[in-house]
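User: I'm new to this structure and would like a close look at a single part. Could you walk me through chain B, and then show me where its neighbours meet?

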Amino acid sequence: MIRVKRLFSNYIFTRIVRAILTIFIVATLTFFIVRLMPGNPVEIYIGQLISQYGMSFQDAKNQAAALFSINLDAPLYEQYLYYMRNLLRGDFGMSFLSQGTPVSTMITAYLPWTIFSVGISILISFSLGIILGMIAAYRRGGVFDHIISTIAAILSAIPNYLIGILLLIIIGVQLGLIPVSAMRGTVSPGVTPGFNLEFIKDIFSHALLPILTYVVSTVGGWTLSMKSSTLNTLGEDYVTVAKARGLSEMRITFSYVGRNALLPLFTSLTMQMGFLMGGSALIESIFVYKGIGWALGASIAQRDYPVMQAVFLIITIAVIVANFIADLFYSKLDPRIKVGGE
Amino acid sequence: MDNRILSIENLSIEYSNIRGKVKAVRNVRLDLYKGESLAVIGESGSGKTTLGTAIIRLLPSSGYIKEGKIIYRGNEKEYNIAQFNESELRQFRWKEIAMVFQSALNSFNPVLKIWDQVLDTAKAHGLNNKSIVREKAMDLLRFVQLDPERVINSYPHELSGGMRQRVLIALSLILEPKILILDEPTTALDILTQRNIIELLRIIKKDMGLSMIFISHDLSLAAELADRVATMYAGAIVELGSVNDIFYHPRHPYTLGLIKAVPTVSSSFRELYSIPGSPPDLINLTPGCKFYPRCEYRTKGCEEAEPTLVEITPGHFVACLREGDIADGR
Amino acid sequence: MNWKHLLKSIFIEPLILISRDRAGLIGFIILLSILLMSFIGPYFIKLDTIVKLDQIYQFPSRAHILGTDNQGRDIFSQIVNGGKDVIVVAFLAGLISTLIAVSLGALSAYAGGFTDTVIMFITEIILTIPQFPLLAVLSAFIRLTNPTMLALIIGFLGWPALARAIRAQVLSIRERDYIEAARVLDLGRWHIIFSEILPNMLSYIVISLIMAMTGAVYSQVGLIILGLVPFYGHNWGLMIQLAWTRGAIFYKGSIFYILSPIIAIALFQWSAVTFTRSLEGIFNPRLRIGE
C-alpha cells in the first residue's frame, strides 16, 4: 500500500508527466518542421525522385511516405496521428541513403555506444571531480588548491570538442601513442562481441579518446563546484556540533560534510548529461566514433532526413530519461525532498 | 579537596584578521564550582561565546589561545584542556563537557535520522551496544518531554525548532557529562518555547547535579537559572558574584546598564533604556578601562589604567574604580 | 536615475577593483588584447591570401610569426583577421539571448501567477532539448545565408538558460522597499521593471551577456567545424574546419596551423569567463576572495 502511495506522490509524478509532455512536444515539433517548412525535405525528396529517376508523382509520393513514415494523401492532422502512432510502435521510417534500412535498426546499433561512452565518462568525471574538489576545499589556499583550481578553470573554459581535437593531435599525431586510424569506429572488425576480455579491451580502447575528452572537459567544472559546495557546508552549524560531539574526522568528512556538499551538485548533473549528449555530435564526429552523435552529424551532412529526424528525437528522449533517473536518485539522497504526499 | 571543577586561568584568546589581531578574550580568570550554574552575560562581541567555545577548543580556524590554562578537574585528576591534542580532545568532548549551541535549528545533519546521529555520538566514545544506547536515548527523550518513538526515527527537518533544541539538550546528556555549557539556549525561540526550555533546564539543574555554564545576553535567563553571574565586556570579566549580589547590589556601571535595560511589564515606552554607544574595536584597544566611552560614572583615573577585579564583599568581585560610589547610590 | 553615478559604478569602480584580483586582471587584459587585435588589427595586418607553394607548413620565423599553412599563407595574419566574425556573431547572439531572457525573466518574476507558470514551462521545455543538436538540425533546414541569421538562431535558442537566473534575481529584488513604493504609486508594471528593477541588476545583466557570448562562441564554432555554416569568408572556426576536412590534423607539420585558432578561441573563452568571475566577485562582495 505504501509503495503504491509513493508511486503517485507529488515529486515523481510531476517529473514523469513533464518528461512525457516534453517528448510529445519535441516529436510534434519535429514533425511540423519536416512537413511544413518551406523547402521541406519531403517536397525536396519527391522533387528529386521525379527529376532524377523520372518517377511519377504518385510513385514518388508513395516512396517518400514509406521513408518518412507519413501518409501523404491524408489531411495534415491525420498524417500527424499516423506519424505519432508509428513513433509509439518504434517505426521511424527508412533511411534515405541506406535504402531499405529501417531507421530503428540504425538507432539500436548506434545509441548504446554513446550511452556507454558518455555514461562512463560522467561516472569518472563526477567521482574524480568531487574528490579533488573536497581536497581543494579542505586545503584551501594551499598549493594543491591553487594548482587544481587554476587548471580546472582553464579546462572548463575550452570548448569540449576543441579539447578532443587537441587530444587527438597531441596523443595521436604528435606523440604517436595511439594508432589513430585504427581507432575509428566503436569496435575493431573481427572481434566477437560478448563478455570476453578481448571484446571488452577492444571497445575500451576505441572509446578511450572520446571518454578522455569528455572527462578532461568536465572534471574541472565538477572540481570547482564541489570545492565551493564543500566550503559552504564546512561553515554549517551541524559540522561544528559534530566536532563538539567528538566524532572522528573521517565520519565528519564523509557523512556530515561530504553527503551534504554533494546534494546541490545533482542539479548540474542533469544539465551536464544533456550537454554531453549534445556535444557527442561533434566529439564522436571528430573521432569517428560511431555512436548516435556521429549518426546525427553524418545524417545532417548527407541530408538523410528520416535518420536526422529520428536521431534528434532519440537524443532528446535519452536526455530526458537520464535526467529523470538523476532526479530519482537525488530524491533518494536528500530526505528533505517530500516524496510522499504527507 | 578542590571544589572547583573548572578553572580558567589568565586565558587570552585572539583571532587573526586582515586588519590585525582581534583580542577577543583578555586575561580571564574564572572558576566553576561543582554543581553550580554560572551565567556569563554580555553583549555580542563581549567575548562570551569565544570563551565558551574555547573551553572545548572549538574555536574557528582564525582563532587561537594566546596564553593561559583551562584546568579541568575530573576523574580524580587535573587536566589542562588548552594543551590537549586532537585525539584527547575527541575523547574529552561531549563525554566530560558538552556544549549546546545557539539555536539548534541547524545543529543536526539534515541527511541523517536522529537515531543515526545519536548512535554516531555513542560510537565515537566507544559505546557500541546499540540496545543500551537506544534505551538511554529514549529515556532522555522522554525526560525532555518528547515522544521518543516519533522523534528518534525522524529527520531533523521534520521536527520544530523547539523540538530540535530539546533533542540537542537530550543528546548532550547521553554520555553523562560533568559540565554542560549552553550558548544562548533560548534565543531564536518563541516565547512559549523559551519558557519550556527554561523549565527543562531548571529540572536538569535540580535533578542531575551537573555543573552548568550559561552564556547569554539575556539577563532574565541568568536570574532564572544561575547561582553566580559574571558580566563580560570587551573580552574581560567586569563583575562576578552571586545572583543576589549582581541583581540587588550591582557595582559595575556596565552591569547596572544591563539591568536598567531590561524592560519591565509595568514600565512605559518612554522609560526604555539602552546603554549609549557601541562596543570598542577589539583590534586597536585604548589603554585604561574599556567601558570608559559609554560610562556614566567615568572620571579621570579611568583612562589611565584598566581596573582589575577586586573582591569587595566575599565572593563579589568588581573591576571598577568607582564601585564604592555606585554602592552608595551616587 | 542618476546616469553619471550609474556609469561610474559600472565602469570606473569595477576597473579599480579588478586590478586587485590578479586572475581577473589577467583575464581582462587578455580579453582586451584579443578584442583590439580582432577589430583594429586587420587594418594593419592584412589577410595573406597569396598562395606560395614553396613555403608550405613552415615553422615560425621572423617573417611568419606563427608559420605558414598548407598553401604557404601566413598564419598570424589569419589569426588576426579571424576573430572579428566570430566575436561579432557571438555578441549579436548573446545580445539577443540576453534581451529576451531579461524581458521574459523579469516579467515572469514580477507578474507571477499564470504568466510565470507559462513562461517557466516554455523555458523548461526548451532547456531540456539539447541545444547543439537542435541548432545542427535547424541549420540543415534553414538556409544560413548570412551572419545575422546565424546569430539569430543561436540567440533565439540561448535565452532559456539565462531567463531562469534572471527570474531568480528579480524575485529577490521584487521584495525590496523601493519597489513596494513604486507599486503603491501605481507606476505601471513595465515602467517598474525597466526603470526600477533592471537598473539595479545592470551588473548582473552584463555578466549574463558575457556568459551568453561564450555559449554562442561554443555553438557557432561547433557548427562551423561540422561544416554546417557555408557562407563564411575567413575565421578561426573555419581554419579548424579546413584543417580537419583536409586531413591536416593528421600531419605532423601542420601543428601551428591547427593549434593557433584553437588557442585563440580557448584564450578568448577563458579570459571572458575569468573576467566575468571576478566581476561577480566585485558586484557581490560576499563572493570576494580573501576578504
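Analyst: Here is a walk through chain B, followed by some contacts between chains. This is a predicted model, in which local features need pLDDT of at least 70 and side-chain atom pairs count only at pLDDT 80 or more, while totals for chains, interfaces and linings use all residues. Residues are numbered from 1 along each chain as its sequence is written, and chains are lettered from A and ligands numbered from 1 in the order in which they are written.

Chain B has 11 helices and 12 strands (DSSP runs numbered from the N terminus, H or I of at least four residues for helices, E of at least two for strands). Its radius of gyration is 21 Å, close to the 20 Å that the globule rule gives for 330 residues, so chain B is as compact as a globular protein of that length. That radius is taken over C-alpha atoms, and the rule is 2.2 Å times the number of residues to the power 0.38. The C-alpha trace of chain B spans about 65 × 50 × 45 Å along its principal axes.

How much is tucked inside? In chain B, 43% of the 330 residues count as buried (20 or more other C-beta atoms within 10 Å of the residue's own; exposed is 12 or fewer, partly exposed is in between, and C-beta atoms are placed from the backbone).

Now for two spots in the loops. Most residues other than glycine have a negative phi. B:Glu176, though not a glycine, has a positive phi of about 55°. B:Glu176 sits in the loop between helix H6 (161-172) and strand E7 (179-183) of chain B, and it counts as exposed because it has 11 C-beta neighbours inside 10 Å. B:Ala234 also has a positive phi, near 50°, and belongs to the loop between strand E9 (228-233) and strand E10 (236-242) of chain B. B:Ala234, though, is buried, because 25 other C-beta atoms lie within 10 Å.

Next, the meeting with chain A. Here 19 residues of chain A are in contact with 22 residues of chain B (C-beta atoms, placed from the backbone, within 7 Å). On the chain A side, helix H10 (237-244) and helix H11 (249-262) are the elements that give two or more residues, and H10(A) gives the most, with 6 residues. By class, that side has 6 nonpolar, 5 polar and 8 charged residues. Nonpolar means Ala, Val, Leu, Ile, Met, Phe, Trp, Tyr, Cys and Pro, charged means Asp, Glu, Lys and Arg, and the others, Gly among them, are polar.

How values were computed
Two residues are in contact if their C-beta atoms, placed from the backbone, lie within 7 Å.
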